Amino acid sequence: KMAAAGGAGAAAALWSEVNRCGQNGDFARALKSVNKILQISKDDVTALQCKVVCLIQNGNFKEALGVINTHTKVLTSDVIAFEKAYCEYRLNRIENALKTIQSASQQTDKLKELYGQVLYRLERYDDCLAAYRDLIRNSQDEYEEERKTNLSAVVAAQSTWEKVMPEDLGVREATYELCYNSACALIGQGKLNEAMKKLQKAEELCRQSLSEDSDVTEEDIEAELAIIHGQMAYIMQLQGRTEDALQLYNQIIKLKPTDVGLLAVIANNIITINKDQNVFDSKKKVKLTNAEGVEHKLSKKQLQAIEFNKALLAMYTNQADQCRKLSASLQSQSPEHLLPVLIQAAQLCREKQHAKAVGLLQDFADQHPANAAEIKLTMAQLKIAQGSVTKACMILRSIEELQHKPGMVSALVTMYSHEEDIDSAIEVFTQAIQWYQQFQARTDDGCCVFQPKSPVHLSLIREAANFKLKHGRKKEAISDLEELWKQNPKDVHTLAQLISAYSLVDPEKAKVLSKHLPSSDTMSLKVDVDALENSHGATYVRKKAGKLTGDSQQKEQGQGDVKKKKKKKKGKLPKNYDPKVTPDPERWLPMRERSYYRGRKKGKKKDQVGKGTQGSTTAGSSELDASRTASSPPTSPRPGSAAAVSATSNVIPPRHQKPAGAPATKKKQQQKKKKGAKGGW
């Protein structure tokens with residue numbers, strides 16, 4: 001009995017120690033006391049609960065979960081459900097945490113708070129939004145501001161990742177966290193300027209809030225502002241201000257923030273700015289995306305974008321195997337996604353395997369008809385790059401949902417015209433016109449509305465008529481123009497085109513139709529005559545007309561002057577001209593091309609006189625040969641031979657000599673020109 005009493009007294013002392021340490025926040029000492037209690041009573045439920053709490057407060061989540069799993073008989077789900085779910089949540093076992101919460105018999109407020117966090121991490125935003133609304137409605141404590149902040153974060157995530165139009169929460173944006181989340185929601189809607197203003201307000205509120213604490217340094221404030229500045233840089237990048245964005249991104253990296261998720265996003269965005277340039281910097285930045293714990297900080301779409309960019313970077317750095325490996329991994333994770341197969345096709349094209357790339361895209365289009373349109377557009381582009389324009393047209397015409405769009409019709413007509421296949425181009429016009437005539441408008445639910453002769457339909461008919469006129473298909477063009485004129489009999493432009501076309505085929509019909517043209521009296525042309533006359537073109541025409549008028553007046557003054565101007569002077573005859581001798585019929589040909597040319601006589605070439613500067617001695621032709629002078633620059637030595645070293649010589653360097661055999665007549669002409677000039681050199 002005395003031993004039992006002594007044990008009870010020791011336990012009481014230990015419990016008071018645990019209570020005191022817990023109130024002081026010294027959970028390490030409290031844990032030691034709890035362990036001593038468990039030595040006395042190893043299945044004490046309260047002691048085991050206290051041990052789990054102490055381990056959680058010290059950040060030992062794995063050990064705490066181990067204690068819970070070891071004592072499942074004592075620590076049932078009703079007793080320890082929140083602590084178990086929280087440990088699983090902090091260990092990033094999100095699915096297990098969800099199961100633990102859902103299996104709890106009683107849903108306490110703490111479990112509901114954790115349930116909202118778990119749903120957010122699982123990206124189940126609709127359920128998460130409902131959970132937080134319920135919490136805000138049924139809770140009244142000092143944590144209401146935090147719940148509203150979490151609610152705004154859910155709305156921002158919906159806007160960004162699910163493109164859901166965010167609803168007005170009616171929350172006053174009194175904190176920088178709320179302003180930041182509101183800015184993110186605006187970015188998701190594409191309202192970049194408004195989002196930038198919200199971020200600037202968030203920065204201002206953050207500085208005000210943190211500057212009130214005397215213990216917070218400027219470095220701490222900049223670290224807290226890093227995520228706001230990162231979002232500002234992202235907006236700049238979306239607006240095309242890449243230089244400003246890059247500068248801000250690098251400033252954030254220099255701060256070395258502890259948030260690995262923020263660093264990974266910034267590094268990824270810098271890589272997207274670099275693209276296929278500055279790949280060395282991109283290879284350094286990609287290491288930041290591989291940091292430990294990144295996968296738990298970012299959403300699935302963010303992680304997917306980073307992996308796509310890794311594959312593209314591998315392609316740009318000619319790491320073909322790595323590119324194939326990454327794109328294949330991405331395709332296995334998301335078989336219906338376009339980007340992995342497009343990256344693989346791009347890599348094959350870089351390896352000049354265009355046929356294999358087209359085959360890969362065709363297989364994907366067959367397996368995923370919903371994404372076939374974009375894939376076929378890529379296939380057509382590859383065919384055009386190979387020069388197979390006709391095959392590209394066939395691929396484009398196989399895209400049913402696009403083949404009647406005005407842009408597609410224009411592209412097909414242009415391509416067929418390039419290939420001089422006018423019949424196929426007209427066939428494209430005809431099919432598009434027929435489609436619009438029957439099914440012009442389509443509603444969102446897929447129903448078709450009969451709405452013939454819409455503006456798109458009429459514009460296609462007009463373009464078809466113009467195309468046919470241009471390529472000589474006048475009769476076919478006439479039928480299109482008549483259709484247009486029936487739709488709008490007051491259209492003078494169409495009527496004029498129709499008359500012009502009939503004038504080439506049926507002039508009588510053209511005369512009949514011309515009666516429908518309005519008379520010049522009924523046509524009211526709102527033209528400012530003064531402005532027209534003072535325009536640049538009119539001024540030019542008026543000046544030109546004035547010049548012509550002046551010339552005509554001069555001609556009228558006297559016909560004799562005109563005759564003198566028209567009279568041609570007789571050509572001068574050579575001094576040795578003999579009218580009795582027949583001129584040489586080959587005199588206009590160069591000497592070398594004349595039939596009697598026998599070439600120059602050899603052996604009678606006189607020594608040429610080299611001429612240099614005044615006072616210099618003349619040299620013979622052999623001395624003037626640049627290949628024989630020692631001062632000529634040596635050529636590059638052949639392999640195995642030594643380069644000759646140039647020796648000094650009194651011979652004049654070739655660049656200072658005038659070419660041998662220069663005609664003397666040039667010098668005489670120069671002397672004549674310089675006659676009367678003074679001075680030497």
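Asn 318 sits in the loop between helix H16 (300-316) and helix H17 (320-333). Helices (H or I, at least four residues) and strands (E, at least two) are DSSP runs, numbered from the N terminus. This is a predicted model, where local features need pLDDT of at least 70, side-chain atom pairs count only at pLDDT 80 or more, and totals for chains, interfaces and linings use all residues. Residues are numbered from 1 along each chain as its sequence is written, and side-chain values use heavy atoms, with hydrogens and water left out.

**Exercise 1. Two asparagines in loops**

Task: Work out what is unusual about phi in Asn 318 and in Asn 92.

Solution:
- Start with the background: most residues other than glycine have a negative phi.
- Now check Asn 318: its phi is positive, about 60°, although it is not a glycine.
- Asn 92 also has a positive phi, near 65°, and is a residue other than glycine. You'll find Asn 92 in the loop between helix H5 (77-90) and helix H6 (94-103).
- Last, look at accessibility. Buried means under 20% relative accessible area, exposed over 50%, and partly exposed in between (1.4 Å probe, protein chains only). Asn 318 has 61% relative accessibility, so it counts as exposed. Asn 92 has 30%, so it is partly exposed.

**Exercise 2. The whole chain**

Task: Say how many helices and strands the protein chain has, and what share of its residues is buried.

Solution:
- Count the elements: the protein chain has 31 helices and two strands.
- Then take burial: 32% of the 681 residues count as buried.
- For contacts (heavy atoms within 4.5 Å), take the ones with a separation of 6 or more: 46% of them join residues 24 or more positions apart.

**Exercise 3. Helix H11 and a histidine next door**

Task: Find out how the span of helix H11 sits against the expected one, and what covers its buried residues.

Solution:
- H11 (residues 192-211) has 20 residues and reaches 28 Å from first C-alpha to last, close to the 28 Å expected at 1.5 Å a residue. The expected span is 1.5 Å times one less than the number of residues.
- The buried residues of H11 include Leu 192, Met 196, Leu 199, Glu 203 and Leu 210.
- Their cover includes helix H10 (176-189) and H12.
- Go over to H12 (residues 218-238) and pick out His 229. With a relative accessible area of 12%, His 229 is buried.
- Skip the neighbours within four places in sequence, and His 229 is in contact with Glu 203, Glu 222, Leu 248 and Ile 252.

**Exercise 4. H13 against H14**

Task: Describe how H13 and H14 cross, and sort the contact residues by class.

Solution:
- The general recipe is this: two packed helices are described by the angle between their axes and the distance between the axes.
- The axes of H13 (residues 242-254) and H14 (residues 260-274) come within 10 Å and cross at roughly 145°. Axes here are lines fitted to C-alpha atoms, for helices over the stretch in contact, with angles from 0 to 180 degrees between N-to-C directions.
- The crossing is left-handed, meaning that the near helix is turned anticlockwise from the far one by less than a right angle.
- On the H13 side, the residues in contact include Leu 246, Tyr 249 and Ile 253, and on the H14 side they include Leu 263, Ile 266 and Ile 270.
- By class, that contact has 10 nonpolar, three polar and no charged residues. Ala, Val, Leu, Ile, Met, Phe, Trp, Tyr, Cys and Pro count as nonpolar, Asp, Glu, Lys and Arg as charged, and the others, Gly among them, as polar.

**Exercise 5. H21 against H22**

Task: Do the same for H21 and H22, starting with the angle at which their axes cross.

Solution:
- The axes of H21 (residues 389-397) and H22 (residues 406-418) come within 10 Å and cross at roughly 160°.
- That angle makes H21 roughly antiparallel to H22 (the cut-off is over 145 degrees).
- H21 passes H22 in a left-handed crossing.
- Val 389, Ala 392, Cys 393, Leu 396 and Arg 397 in H21 meet Met 408, Leu 412, Met 415 and Tyr 416 in H22.
- Sorted by class, this contact has eight nonpolar, no polar and one charged residue.
- Also in H22 is Thr 414, which is exposed at 51% relative accessible area.

Note on methods: Parallel < 35°, antiparallel > 145°, perpendicular 65-115°, else oblique.
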